[in-house]
Amino acid sequence: MNVKVEVKNLKKSFHKLNVLNGIDLTVYEGEVVCIIGPSGSGKSTLLRCLNRLEDATGGQVIVDGYDITDKKTNINKVREKIGMVFQNFNLFAHLTVLQNIMLAPVDLKIMSKEEAHKTAIELLKRVGLEDKAECHPHQLSGGQQQRVAIARALAMKPDIMLFDEPTSALDPEMVGEVLAVMKELASQGMTMICVTHEMGFAKEVADRVIFIDEGVIMEEGTPEDVFTNTKNPRAIDFLNKVL
């Protein structure tokens, strides 16, 4: 199995606050890894270090063989193969749905306008929104906007998708439509690392679940290992509150 992401002794501090305290993690091609844990445990910081939206204080992050903690690495080149979906949809309000999806591939000269248009239409079909191509973001529900954000990330043809609590800003009835798109991606073999509060999704879709607290991995294993058989007192306490 190909290693897609390797994290070695990753540390991250903000001033005197230690957020990550030596994380070791290996993610393989086609694997779905869900990261769970309480607020403030370092989950989102870990995810943001995986495409250098945050610079590590110590340790290494190697993505597809590139050490992105090395300042000599061309991070923009590596990022082209890493899709990221945030809590907030971050769509450009003045652009249509179609233009939002086409923007990066055309700007970065990865596709011609014609290719990008064709790809965008295909991706909108995939996320069930082909009829919204000419809408602006404000005309869409939160769930629809998040599905557009996923399509936009996929337009770059990434090898790895990072999801940072993609459903946490949504009304409950819209969560399912976003999770359905993520499940479909997982079933097609996309390498995915998801920070999530959706325990049902983690149980059903994850190959591996990682429980983080106080900036360290306290528990790691299959969904069954973590949700049913964990002996870690901190994980048990957390799961009792959220399940």
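Which strands does helix H9 (residues 233-242) lie across? In this predicted model, H9 lies across strand E3 (32-36), strand E9 (208-213) and E10. Measure its direction against E9 and you get about 100 degrees. Hold on to that picture for a moment while we step back and take in the whole chain.

The protein's secondary structure adds up to nine helices and ten strands. Its radius of gyration is 18 Å, close to the 18 Å that the globule rule gives for 243 residues, so the protein is as compact as a globular protein of that length. If you'd like a feel for the outline, the C-alpha trace spans about 50 × 45 × 35 Å along its principal axes.

Now for the sheet that H9 lies across. E3, E9 and E10 belong to an open sheet of six strands, and reading across it the order is E6-E7-E8-E3-E9-E10, with mixed pairing. At the edges you'll find strand E6 (82-85) and strand E10 (216-221), each of which pairs on one side only. Going from one strand to the next, the twist averages 15 degrees.

The mixed pairing is easy to see if you pick out two pairs of strands. Strand E7 (residues 160-164) and strand E8 (residues 191-195) pair in the parallel sense, over five bridges. To find your place in that pair, look for Asp164, whose bridge partner in E8 is Val195. E9 and E10, on the other hand, run antiparallel and are joined by five bridges. Here a handy landmark is Ile210, which has Glu220 as its bridge partner in E10. These two strands form a hairpin with two residues between them, and Glu214 in the turn has a positive phi of about 55 degrees. While you have the sheet on screen, remember the usual rule: in a regular strand the side chains alternate between the two faces of the sheet.

There is another sheet to visit. This one is open too, has four strands in the order E2-E1-E4-E5, and is paired in the antiparallel sense. Strand E2 (17-28) and strand E5 (66-67) stand at its edges with a single partner strand each, so one side of each is left without a neighbour in the sheet. For E5 you can trace the link to strand E4 (residues 58-63): the two run antiparallel and are joined by two bridges. Val63 is a good residue to click on, as its bridge partner in E5 is Tyr66.

Back to the helices, and H5 is a good place to start. H5 lies across E6 and E7 of the six-stranded sheet, running at about 170 degrees to E6. Helix H5 (residues 142-154) also packs with helix H6 (residues 172-187), at an angle of about 20 degrees and with the axes 8 Å apart. Angles under 35 degrees count as roughly parallel, which is why H5 is described as roughly parallel to H6. The crossing between them is right-handed. On the H5 side the contact involves Gly142, Gly143, Gln144, Gln146, Arg147, Ile150 and Leu154, and on the H6 side Met174, Glu177, Val178, Val181, Met182 and Leu185. Sorted by character, the residues of this contact come out as seven nonpolar, four polar and two charged.

H5 has dealings with H3 as well. H3 and H5 pack at an angle of about 30 degrees, their axes 8 Å apart, and they are therefore roughly parallel to each other. Once again the crossing is right-handed. From H3, Val97, Asn100 and Ile101 meet Val148, Ala151 and Arg152 in H5. This contact divides into four nonpolar residues, one polar and one charged.

What angle do H3 and H4 make where they pack? Helix H3 (residues 97-107) and helix H4 (residues 113-126) pack at about 130 degrees, with their axes 9 Å apart, and that makes H3 oblique to H4. Their crossing is right-handed. H3 brings Val97, Leu98, Ile101, Met102 and Val106 to the contact, and H4 brings Lys113, Ala116, His117, Ala120, Ile121, Leu123 and Leu124. Ten of the residues in this contact are nonpolar, one is polar and one is charged. Keep an eye on Val97 and Ile101 of H3, which take part in the contact with H4 and also meet residues of H5.

Key
Residues numbered from 1 in each chain as written. Predicted model: local features only at pLDDT ≥ 70, side-chain atom pairs only at ≥ 80, totals over all residues. Heavy atoms only, no water. Axes fitted to C-alpha atoms, helices over the stretch in contact; angles between N-to-C directions. Parallel < 35°, antiparallel > 145°, perpendicular 65-115°, else oblique. Left-handed = near helix turned anticlockwise from the far one by under 90°. Contact = heavy atoms within 4.5 Å. Nonpolar A, V, L, I, M, F, W, Y, C, P; charged D, E, K, R; others polar. Pairing = 2+ DSSP bridges. Rg over C-alpha atoms; globule rule 2.2 N^0.38 Å.
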